[in-house]
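Q: I've got a new structure open and a pile of quick questions. Can you walk me through it?

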Amino acid sequence: MGILEVKGVNKRFGGLQALGDVNLSVAENTVHAIIGPNGAGKSTLLNCLVGKLIPDTGSVMFDGQSVLGRTPYEINQMGISRVFQTPEIFGDLTVFENMVIPCFAKRDGSFRMHAFESVVQEQDICLQAEQMLVDVNMQDKRHMHAASLSRGDKRRLEMAMCLSQKPRLLLLDEPTAGMARADTNNTIDLLKEIKSTRDITIAIIEHDMHVVFSLADRITVLAQGTPLVEDSPENIRGNPKVREAYLGEAA
Amino acid sequence: MSKFNVTRRGVLKTGAAAGAGLALPTIFTSSAYAVTNNPMGGTVTLGFNVPQTGAYADEGADELRAYELAVEHLNGGGDGGMLNTFSSKVLDGTGILGKKVEFVTGDTQTKSDAARASAKSMIEKDGAIMITGGSSSGVAIAVQGLCQEAGVIFMAGLTHSNDTTGKDKKANGFRHFFNAYMSGAALAPVLAKMYGADRKAYHLTADYTWGWTQEESIVAATEALGWETVNTVKTPLASTDFSSYIAPVLNSGADVLVLNHYGGNMVNSLTNAVQFGLREKQVNGKNFEIVVPLYSRLMAKGAGENVKGIFGSTNWHWSLTDEGSKAFVKSFGTKYGFPPSQAAHTCYVQTLLYADAVSRAGSFAPCDVAAALEGFEFDGMGNGKTLYRAEDHQCFKDVLVVRGKENPTSEFDLLEVVEVTPAAQVTYPIDHPMFAGGSLGQCNNGA
Amino acid sequence: MDAVLLQILNGLDKGSAYALIALGLTLIFGTLGVVNFAHGALFMLGAFCAVTLSRILTLSFETIDETKVDFLGNPLKVKTPYVESWFGPETGGAIIDWAVPLSILFAIPVMITIGFIMERGLIKHFYKRPHADQILVTFGLAIVLQELIKYFFGANPIPTPAPDVFKGSFDFGVLLGYDPNVIIYPYWRMVYFLFSTIIIGGVFAFLQFTTFGMVVRAGMADRETVGLLGINIDKRFTFMFGLAAAVAGIAGVMYAPINSPNYHMGMDFLVLSFVVVVVGGMGSLPGAVLAGFMLGILESFASMNWIKDIIPGIDQIIIYVVAIIILLTRPRGLMGRKGVMED
Amino acid sequence: MLGISKKDMTILLVVIVLALCAPFILNPFPTGSAMAQFNAGYPDLMQRFVIFGIFAIGFNILFGLTGYLSFGHAAFLGVGSYSAVWMFKLLSMNVVPAILLSMIVAGLFSVLIGYVSLRRSGIYFSILTLAFAQMSFNLAYSVLTPITNGETGLQLTLSDKRYLGQSVTESGSIPVTNFFGLEMRSTYDLAVGGWNFQFNAGYYLCAIIMIVAFYVSMRIFRSPFGLMLRAVKSNQQRLNYTGINPKPYTLAAFVISGIYAGLAGGLMASMDPLAGAERMQWTASGEVVLMTILGGAGTLIGPVLGAGFIKYFENIFSKINDTVLHQWFAFMPDGLEDVVVFIVHPFVGKGWHLTLGILFMLVVTFLPGGLVEGGQRIAKLFKREKAPAVPPSDPEHHPKETPHVAE
């Protein structure tokens, strides 16, 4: 039994079958990559996991509980954090304030009317945020506006924000899309470090095979909205069906 | 540091008199025996509170011209205007009680809030001893209430609602302008004479207090003479296009349309009604007619040719030929190049009446002034013999029934006076139901 | 039934006024991304183009008529328009009579020029600024424009009649077999409705069938991409602003005989036309037109007596009630696109 | 101290000093001088400054922090005023119950409108709030006249029953509003040389409430709640995926700002017991938007500055007439005097709208951050002379331009 169990999920947009009978099981404390050509339904699947979309049929269970019908913030409170393809951060706020928000969310839940305390007096929260900034090596940028960070820093910040919530499942949506090789390698290192130092399950959608094969423990290949095959990286590499459907053109 | 001299009222007054001789604002102080803004130096300040922005700005501008003229005449400038024809002769062109008249102006924006703020600033900051002006009843009633509380005299400008001297009357407030009841009483007999007693009327009424009192008055007056009221329809204040209210009129069986609108509403509803060709139609075998009970020449100008032949009532018109009107038109026309409006006339007269009352009372104290105005009978101010009734502070005087002129000779020559209804015919008992409720209360000297 | 037909006619007319202004607002918003609070003022300026032209046409010389006197008792100065003395009273009178239709020719260049100046001088500096700033600056501009008009023309409405031919009304009822006088409709309002339809159709045709229009539509959909194609979209957008100003202007010209123009008529329309635009869906031209007609007709229905008897005061609030219902049932108005002005 | 940082303490102290010394600060010119026209230190206007300051401070909590632009906040002010006047009519002339009721009623009303309107965002939200407010205004002006007294506005009359107080005073007039016996209109005058300073009880009540309101808003700005509100403005998507539900936060901000508006309305009625329907019109809602943006949206002190700026124009510039102009320029030779008066004339008195419009355009064009930014630029100029400018560390005082170009 994996921490995330997707069973028989279908999703149609008008005449287009975006997802057709998707079954997926992500085991705890593994890195599970989902790959597939453009339009294979990777993003749709991800959106079904986080509550942005509701599948037409099927079930999505996280740690034994259904996520269907829940809103994104409820699903996040269950322990799923999501990193976006283009970093979604609070551009108007400082780096430090960006880090503080997930810490509050973790401690206080989805809403709390703490209108009369001061942020700076919440010492435990501030310490946590500070520590996380040190962890990702951004403490010197704590007063900068997040919008003025470089793209790589934004990604790191977003990742750090997600990690500071200590999620049980981290969803990464093409974390290296559009990155230069060096940045990509840095990201891989960062993810490797996360994987080795924390008890965390990671599901990653990725185009870059280099990234996928450096990180993944299991790989699911999606094609035309249906899982083609699920296996270990080595077997995927040698699978002729995958080669034909996907790697043949892409790799 | 000993210059810091914390004083109560009494000490201050001497200081002020010693200063530039200015009336200092003293509103709302708690010390007794004083009069709000009692002028101590050689000048007296009047507050002219008129709409300077918004739809009534032109009317406000005309009021302001009249006030400036009145001040000029009070101070002995110009040709003296109505001072020469006024039946009371105490004003001699040396200001009021020997004090030179100065004035401050404010913008009512035709909103009761803004008007009160503006009046308050004149009282608190500029030391105005009397507030006058305005172009709508809502504003007049709101400012009248303020002046009552602040202890200054309010000489209303253009306000036509029955309530101003009805349920909302105040001891410190006085109205020279006529009211909706008087419009009805003056207009109905003329309408019955011109259009016959067997008529069916359809009313369109601006949906706020003034509109309602006018509708009530006209309905009562016309029904008393045999007319039937087919329907009364309220139109939203914000309306600019009245087509959907006018279109069903013809099919309602009515043969007269009464537009209880003023200002921009009146211009638009009349224009729309004429556009629909109502006046060329025949209903019940009679010519369809339109009536605008409250006319204003300034506003009628906005309706252009559409006013031709349409009956209404007005407080005063420049074509009157009595000595007072002629004197006023002459000095106003000479100074500004065009004849004054009825609003200008009322504002001019109100200023003179106030100055006269102060002079006769020998005091600026509102209670003394009020006593001098109450029951005051005068003549030579344009509407014949006039009485400021003591019980409700309403002026009773002749009312004009007018009609849009068919062949105007100039852009000012829009209305012709059809009948001058004598004051007796528009006078009503003090306990008339349309004016029921409310009481003057006690006059307030303020301070 | 007759009452309903009558109110549909009235509604079409009101609706065409709303639709025309909303169309211009949407053109500017859709192409330039600017919320133009000064659009009502452009409508007002258009109406005052009509006033100005009729003032110009009636420029007069004075002769003194000794037989009559003016209000001060002096000999009366009689004014004769130059036009009448040049072309004779017959032709001259006809020219003056047709001042409003003629004003269209006058208003188009004037309004396009005003639009160009506005866009180049002010609006273009606000493309990248928050909507709140755009609203504030255009609101300031609207105040300035209307105060200028007030300064020169006064606050009172100025009568601007339609040509005599269009006086009176047409009896539709007789045509449909009703009694006379049941469904009547003024000729000039019919002209206004037809005119609006033509303008609206013209704008759509222009956007649909010309290359220029296609580029603009593409720009409305995705500005950056079109910019990347090397098309000078800015110049075209300037032109669009001029076009929108001209549409608002001639709408104002034609509206002048319906209600005498005054300096704040733009503000009176502004709020309503914003409601119309939003109910139609931000950035959607068909939505703006549809919502304009729909709200116009519903407003007319709400003024019917028996409806007012059931719900007193409904005609005061109908537009807002409808707006609330539509926005709550259709998140982005009738035809709005996702993500436009939602943050 | 007071749970705020040293820097905030300084700002608060400045506000306190400005508010308490306003009768001096706003009356810089001797009463008799030609410039006395520009004095604003009389009770009514000072009260308006702080009352609209409160209104704008509250509005800023919604608009400045969350970015939700409400075009209907005047409705809450109006509702607050009506409740306060009703309290005076029915209960007593003490302002405390009136103000409390106005806050409660405005709060409830804003829960209702906020709950519905916040189902949409962006301009759709704005138009929903506008629609609700315009409905309130139109109905208050006409159909609801029995409750609101329509066109004239709700006022006190001699026949009001006051269950905890007298209907009529011994002298036969309507009793005045008071704070446990202290009459709101009582004023002490202080004459110093040519100056005349007025200290009004009502003003000081308003000023103290404004200081408290300012302090509360400061605490909100610095609180986790305030941080969440800014996060709502910055990126709602991220907030959702960070486990935070933006809805209750925005609704809470909406209601808080509604209560502030109700408080302002209640205070207005307490200073001058009349509630006019125009208070609820869209122009009144627009006014508070203008105040906030003009002063600097999202900054602490900006809205107060903006409120003062607009109210000053409305009340001072509108009163300058030609006679005053001639007095000012009397020192010039006659011909020149007339020319100058002719040039200045369109901009003052009845032309005050024109000046205001031009100033809006200038401020928005050249000071995107509002008057606060203007102040900062001036301060920077001075600093630069002494030392190189230090990069600012306080984000609230540097509202970033957020490009919102539609698509």
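A: Sure. This is a predicted model. Let's start in chain A. Strand 3 (residues 31–35) of chain A runs parallel to strand 9 (residues 218–223) of chain A, and four bridges pair them.

Q: Which residue stands opposite Ile35(A) in strand 9 of chain A?

A: That's Val221(A).

Q: What order do the strands of that open sheet in chain A come in?

A: The order is 6-7-8-3-9-10, so to speak from one edge to the other.

Q: Hang on, which are the edge strands?

A: Strand 6 (80–83) and strand 10 (226–231) of chain A. Each of them pairs on one side only. The sheet has six strands, and its pairing is mixed.

Q: By how many degrees are neighbouring strands of this sheet turned against each other?

A: On average by 20°, with direction ignored.

Q: And what does helix 1 of chain A touch on the sheet?

A: Helix 1 (residues 42–50) of chain A packs on the sheet and touches strand 3, strand 6, strand 7 (169–173), strand 8 (201–205) and strand 9 of chain A. The direction of helix 1 makes about 150° with that of strand 7 of chain A.

Q: Over to chain B. How many bridges pair strand 6 and strand 7 of chain B?

A: Seven. Strand 6 of chain B covers residues 200–206, strand 7 of chain B covers residues 228–235, and they pair in the parallel sense. One bridge puts Ala201(B) with Thr229(B) of strand 7 of chain B.

Q: Which helix does the chain go through between those two strands?

A: Helix 6 (residues 209–224) of chain B. The path from strand 6 of chain B to strand 7 of chain B is a β-α-β crossover, and it is right-handed.

Q: Now chain C. At what angle do helix 7 and helix 8 of chain C pack?

A: About 90°, with their axes 5 Å apart. Helix 7 of chain C is residues 187–209, and helix 8 of chain C is residues 211–221. Angles of 65 to 115 degrees count as roughly perpendicular, so these two helices of chain C are roughly perpendicular to each other.

Q: Which residues make the contact?

A: From helix 7 of chain C, Phe206(C), Leu207(C), Gln208(C) and Phe209(C). From helix 8 of chain C, Gly213(C), Val216(C) and Arg217(C). By class, that contact has four nonpolar, two polar and one charged residues.

Q: Let's talk chains. Which of the four pairs that touch has the most contacts?

A: Chains B and D. There, 46 residues of chain D are in contact with 50 residues of chain B.

Q: Which element of chain D gives the most to that side?

A: Strand 4 of chain D, with five residues. The elements giving two or more residues are helix 3 (43–66), helix 6 (122–141) and strand 4 (187–192) of chain D. The side of chain D that touches chain B has ten nonpolar, 25 polar and eleven charged residues.

Q: How many residues of chain C are in contact with chain D?

A: 42 residues of chain C, with 40 residues of chain D. Helix 5 of chain C gives the most to the chain C side, twelve residues. That side divides into 26 nonpolar, seven polar and nine charged residues.

Q: How far apart are the nearest C-alpha atoms of chain A and chain B?

A: They are 34 Å apart, and the two chains do not touch. No contact joins chain A and chain C either. Their closest C-alpha atoms lie 14 Å apart.

Notes. Residues numbered from 1 in each chain as written. Chains lettered and ligands numbered in written order. Predicted model: local features only at pLDDT ≥ 70, side-chain atom pairs only at ≥ 80, totals over all residues. Contact = placed C-beta atoms within 7 Å. Nonpolar A, V, L, I, M, F, W, Y, C, P; charged D, E, K, R; others polar. Pairing = 2+ DSSP bridges. Axes fitted to C-alpha atoms, helices over the stretch in contact; angles between N-to-C directions. Parallel < 35°, antiparallel > 145°, perpendicular 65-115°, else oblique. Right-handed = clockwise from strand over helix to strand, strands pointing away.
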